[in-house]
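Please open the model in your viewer, with the sequence panel beside it, and follow the selections below in the order in which they are given.

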Amino acid sequence: MKIIIKNGRIIDPLSGTDEHADVLIVDDRIEKIKAGIPDKDAHEILDATDCLVLPGLIDMHVHFREPGREDIETIIGGSIVAAKSGFTSVCTMPNTTPVIDNQALVRFIKLEAEKGPINVFPIATITKGSRGEEISEMGELVQGGAVGFSDDGRPIMRSILMRRALEYVRMFDLPIITHSEDLDLSDNGVMNEGATSTFLGLKGIPREAEEVMIARDVILTRLTRGKLHVAHVSSGGSLDIIRRAKDEGINVSCETAPHYFSLTDESIAEQLSLAKMYPPLRTEHDRRAIIEGLRNGIIDVIATDHAPHLENEKKQEIEYSPFGIIGLETAVPLVITILVKENNFSFREAFAKLTCNPSRILNLERGELKTGSVADITVINPDKTVTIDDTFLISKCKNTPFIGRKLYGSVEFTICNGKVVYRSEQGQH
Amino acid sequence: MSGLKRKDLLDIQSLTTEEITLICDSARYFKDLFTRSVKTVPVLRGKTVCCLFYEPSTRTKLSFELAAKRLSADLINLSVSTSSVVKGESLIDSVHTLEAMKADYIVMRHAVSLAPHFLSKNTRSSVINGGDGFHAHPTQALLDAYSILEKRGTLKGLHIGIVGDIKHSRVARSDIEVFKRLGAQVTLCGPPTLVPDEFSLYDVNITYNLDTILPTLDVINMLRIQQERQQGSHFPSIREYHRLFALTTERLKKCRDDIIVMHPGPINRGVEIDDAVANSPNAIINEQVTNGVAIRMSIFYLLSGAAPLEGIDDK
């Protein structure tokens, strides 16, 4: 099987390649990247005129709800949404029902994912049952295919346990991915603590709930010489702590989500529960700090924290509504619109956060676009607009505060392991 | 000028100053009715008011009910303890039921901030906020402003103190907004755990020492203190709270002779306010209750789109 991607702008964030060329794919590998590859023998030709040709995007933080809440989303269903959104690899968070804390469950996810269009890399729990009491059988989980460990959504409050986990995980060279939050300080808040929460009379979650815990976690990483990845950083103060840790040589990386560089806590007044997420949207000051953190490299990764919820569960009084929004389908448009168009990021620096960086942190051996690498490729037209509405969103759950927004950046083709797993209607030939 | 050109009354912030004045002016006419032997007028005959109370309330609920009855509206009640809410029906479903019953007004009290705003986006009925979480209690604030207007004629230049648990008070938030809007100077007082710095964004003064402000106050509004805040470590004991922040007889002596003492009720006698102070001629606590009915009648009436009143007659 031979596919040629014609006339695109090849961008490989890892090597720095930025050139107009064609890509020849043979079976599941990239055979050649060169201008003017002849059409002969090609089974399919994909026209990438005016488009970026990027390594397949990686989202290292999604919630696909299976097993347990297949009524919300499934591994296959979520994978189809991811493919449509330009992602060729996703990492599923383990806070399902039951949580992914044993090898059989990791294997179940891998098996189920084989029926879907893209690569699914399971993240397993740090502790048994995510109860924060005993560490999971990490060796077993790694053999089953886990690529990292996280008790996402249930911060580990016991410092000794975090210490042991960071120590134990060293033999696998995999990260502990933390949801860093001091639950005592959050005190059942529903939004960022500050001017807006004061005016709206909603219980606040201070940024310090996140910062205090990140400080603890990086200090424990220094103690243990473990590997830490901080999930969904939302506060500018957190970045100061992470920068200091990186300067000191502590093995820490971090991610943020597109909503933290696109929105602020003021959205709550209009969007109500649609703008309720965890950690909460912060202030404009934080939003600017997150953008600077992405620019200067303190933030390694953009991950969506894709969190589907049924309409009847999300559409409730704000305190009763669950935290989280869907993020896959809006990710590329927000990266292009907010980072590239509004804040002058180069495509290379923006998409490094969605390709080579998450691959490096999780040892995925993907996220590169060069001869010989796996043919995971995403083709994006950065100047084409999309409108985030019910027609655009194919996700079963449509809980997003970006509804109605017109954004730049349209995914034209997604190719995973040499197969075209998504093509936009306009891109169809 | 006609009535309120809006569907809902959700908070003070969304009201114009003209609308606030209009509501207070009309309330005066309704209050005049209360001295008559027949206290009802037929202005809302045929309209249906539903009180949807998700949180226990005695006086606010009674006040809305009485206001609706005095306007001759039909009244239905849905309280949390007797409704399907305890069976887990969602707010959206409850509201669809009320809509099917053709409720013209929904008065809602809810423990969650912004619940009435959420409701208003999902119903065609007029939504009146009867208090949401810590966020807003606009009808209470309007009756507070009206009560001061009745005594002083204006709020311009008055110094109003609000004392107590500001952080968890919807009354405080709405009072601050309406008092500031009508030209008063506002000082908040309580321990720092209950008066967060963010409140200074309302352009108010903040003090932790009640005694220093007493001599300059025209009005003092004492908020109810709740025991559960002690459990949350917001203050160490009722005893200490009383010592530092209660309006005692001794403290009343430090105030101007004509100070107006207010309380949104229900009162914890001996906690935030002493018995003798609550019973003193300075206190207008019962007057506030009477005015509450008039203000709520005014709101129902003006939300119906009717023209402002020049006077009430029974025709």
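Select A:Arg9 together with A:Leu52, which stands opposite A:Arg9 in strand E5 of chain A. Bear in mind from this stop onwards that the model is predicted. Extending the selection to residues 52-55 of chain A shows the whole of E5(A), which pairs with E1(A) in the parallel sense over 2 bridges.

Keep E1(A) in view and add residues 44-47 of chain A, which form strand E4; E1(A) and E4(A) run parallel and are joined by 4 bridges. To find one of these positions, pick A:Lys6, whose bridge partner in E4(A) is A:Asp47.

Next, highlight residues 2-12 of chain A, the full extent of E1(A), along with residues 17-26, which make up E2(A); these two strands run antiparallel, and 9 bridges join them. Within this pair, A:Ile11 can be selected with A:Asp18, the residue of E2(A) that stands opposite A:Ile11. The hairpin of E1(A) and E2(A) has 4 residues between its strands, and if you select A:Gly16 there you will find a positive phi near 90°.

Now widen the selection to the whole of chain A and colour it by secondary structure, which comes to 15 helices and 18 strands. When chain A is turned along its principal axes, the C-alpha trace spans about 65 × 45 × 45 Å. How does the radius of gyration of chain A agree with that of a compact globule? For 429 residues such a globule would have a value near 22 Å, and chain A has 21 Å, which agrees. If you colour chain A by burial, 60% of its 429 residues count as buried. Drawing the contacts is also informative: among those between residues at least 6 apart in the sequence of chain A, 75% join residues at least 24 apart.

For the last stop, show chain B as well and select the residues where the two chains meet: 14 residues of chain A are in contact with 20 residues of chain B. On the side of chain B that touches chain A, the elements giving two or more residues are helix H3 (91-100), helix H4 (115-120) and helix H6 (170-181) of chain B. Which of these elements gives the most to that side? It is H4(B), with 3 residues. Colouring this side of chain B by residue class brings out 11 nonpolar, 6 polar and 3 charged residues.

Notes:
Residues are numbered from 1 along each chain as its sequence is written. Chains are lettered from A and ligands numbered from 1 in the order in which they are written. This is a predicted model: local features need pLDDT of at least 70, side-chain atom pairs count only at pLDDT 80 or more; totals for chains, interfaces and linings use all residues. The radius of gyration is taken over C-alpha atoms; the globule rule is 2.2 Å times the number of residues to the power 0.38. A residue is buried if 20 or more other C-beta atoms lie within 10 Å of its own, exposed if 12 or fewer, and partly exposed in between; C-beta atoms are placed from the backbone. Two residues are in contact if their C-beta atoms, placed from the backbone, lie within 7 Å. Two strands pair if DSSP finds at least two bridges between them. Ala, Val, Leu, Ile, Met, Phe, Trp, Tyr, Cys and Pro count as nonpolar, Asp, Glu, Lys and Arg as charged, and the others, Gly among them, as polar.
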